[in-house]
Amino acid sequence: MLIVRQIVCERRRMRSSLFYHTTCSLWRRRGLTAKPYRCFLSSASFSTADYDNGDAFQSNSSKVKIFDRHLKRKQRDRAAWLLRPNDSFVDAVAENLLDRLEDCKKTFPTALCLGGSLQAVRRLLRGRGEIDKLIMMDTSYDMVKRCESSRPDSYNENIETSYVVGDEEFLPIKESSVELVISCLGLHWTNDLPGSMIQCKLALKPDGLFLAAILGGETLKELRIACTVAQMEREGGISPRISPLAQVRDAGNLLTRAGFALPGVDVDEYVVRYKSALDLIEHLREMGETNALLERSNILKRETAVATAAIYDALFAAEDGTIPATFQVIYMTGWREHPSQQKAKRRGSATVSFKDIQKQFGSGG
């Protein structure tokens with residue numbers, strides 16, 4: 001998703017990022033007491049494909065090449081060391097995503113959490129979904145180790161947790177093996193998003209739930225504008241600095257195409273404020289959200305970077321000197337088919353005509 005090539009600062013700045021959000025969630029907490037069981041597994045442990053080595057998912061790459069998955073894995077490795085213990089934006093997205101579990105009466109004994117915001121999801125789970133077994137998966141070995149080494153809170157101590165290094169483009173999970181799949185801010189980096197979602201559906205048991213949060217097309221619109229204007233002014237043209245992101249209108253089609261039943265989509269916008277554009281770029285690096293386009297330009301001129309920061313400040317700075325950055329988050333919900341689920345009636349099966357209803361109750365005019 002990233003926009004500007006990483007700008008290295010001589011001194012890392014301490015910042016406090018403020019965000020505002022239009023919805024509020026309440027936590028329902030359950031006390032759990034049993035001791036944890038942990039194990040670390042390679043992706044081959046769960047693979048159903050006929051490959052001979054644990055790196056088999058590397059060869060099953062998508063035909064559509066938009067992102068450099070090898071570079072993204074390196075960026076995730078770096079982010080594992082730069083990751084903030086508590087990121088207000090990431091926590092808000094994870095909390096909003098997990099809040100949907102409170103609307104479900106059923107339980108989810110086995111759950112798969114895909115890469116993106118693994119630590120935030122596990123920390124904020126707090127007994128929701130009554131999960132007994134949790135599989136944490138990421139393409140980055142360092143990110144998985146970071147998550148494995150972090151100490152779970154008292155609410156998650158009784159969850160049997162496994163840690164897997166795997167790729168969302170070749171999901172190393174057996175078919176019909178989990179009741180819940182969670183992906184928080186990770187799937188938008190896949191080259192074949194519909195294919196990845198289909199694999200998530202196949203991993204679910206009948207009546208299993210798929211929850212995902214991805215970044216939408218309006219994300220970082222301020223930085224897009226500033227970067228484009230700066231490049232046109234300094235270089236006389238533009239080069240790709242921003243990854244293509246799904247639009248809201250596409251999310252429902254993605255769920256339907258993947259074969260999910262009862263699809264649901266909703267959108268939130270978060271505005272995070274930073275002291276400067278450099279602080280924004282550093283935050284993106286900490287989240288592992290820097291540019292990974294295959295057709296990216298490897299060179300960003302210093303004068304273009306300085307102009308981008310200056311234009312950003314001139315166009316969007318607030319009275320207190322901070323600059324806003326908009327993150328559009330698309331939440332997707334879908335279920336694997338099950339006979340107990342409600343279904344739409346067959347087309348043409350209606351027994352009452354709208355014309356008869358209109359005659360009975362009047363036109364309303």
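**Exercise 1. Count the helices and strands of the chain.**

Solution. The chain has 10 helices and 9 strands; both are DSSP runs numbered from the N terminus, helices being H or I with at least four residues and strands E with at least two. Keep in mind that this is a predicted model, where local features need pLDDT of at least 70, side-chain atom pairs count only at pLDDT 80 or more, and totals for chains, interfaces and linings use all residues. Residues are numbered from 1 along each chain as its sequence is written, and side-chain values use heavy atoms, with hydrogens and water left out.

**Exercise 2. Find what share of the residues is buried.**

Solution. Start with the cut-offs: buried is under 20% relative accessible area, exposed is over 50%, and partly exposed is in between (1.4 Å probe, protein chains only). Of the chain's 365 residues, 51% are buried.

**Exercise 3. Place Glu303 and decide whether it is buried, partly exposed or exposed.**

Solution. First, locate Glu303 in helix 9, residues 302-316. Next, take its relative accessibility of 42%, so Glu303 is partly exposed. Finally, look across to Glu235: the two are 68 residues apart in sequence, with 9.6 Å between their C-alpha atoms.

**Exercise 4. Place Phe361 and decide whether it is buried or exposed.**

Solution. Phe361 belongs to helix 10, which covers residues 354-361. Its relative accessible area is 63%, so Phe361 is exposed.

**Exercise 5. Work out what share of contacts joins residues at least 24 apart.**

Solution. A contact means heavy atoms within 4.5 Å. Take the contacts between residues at least 6 apart in sequence: 88% of them join residues at least 24 apart.
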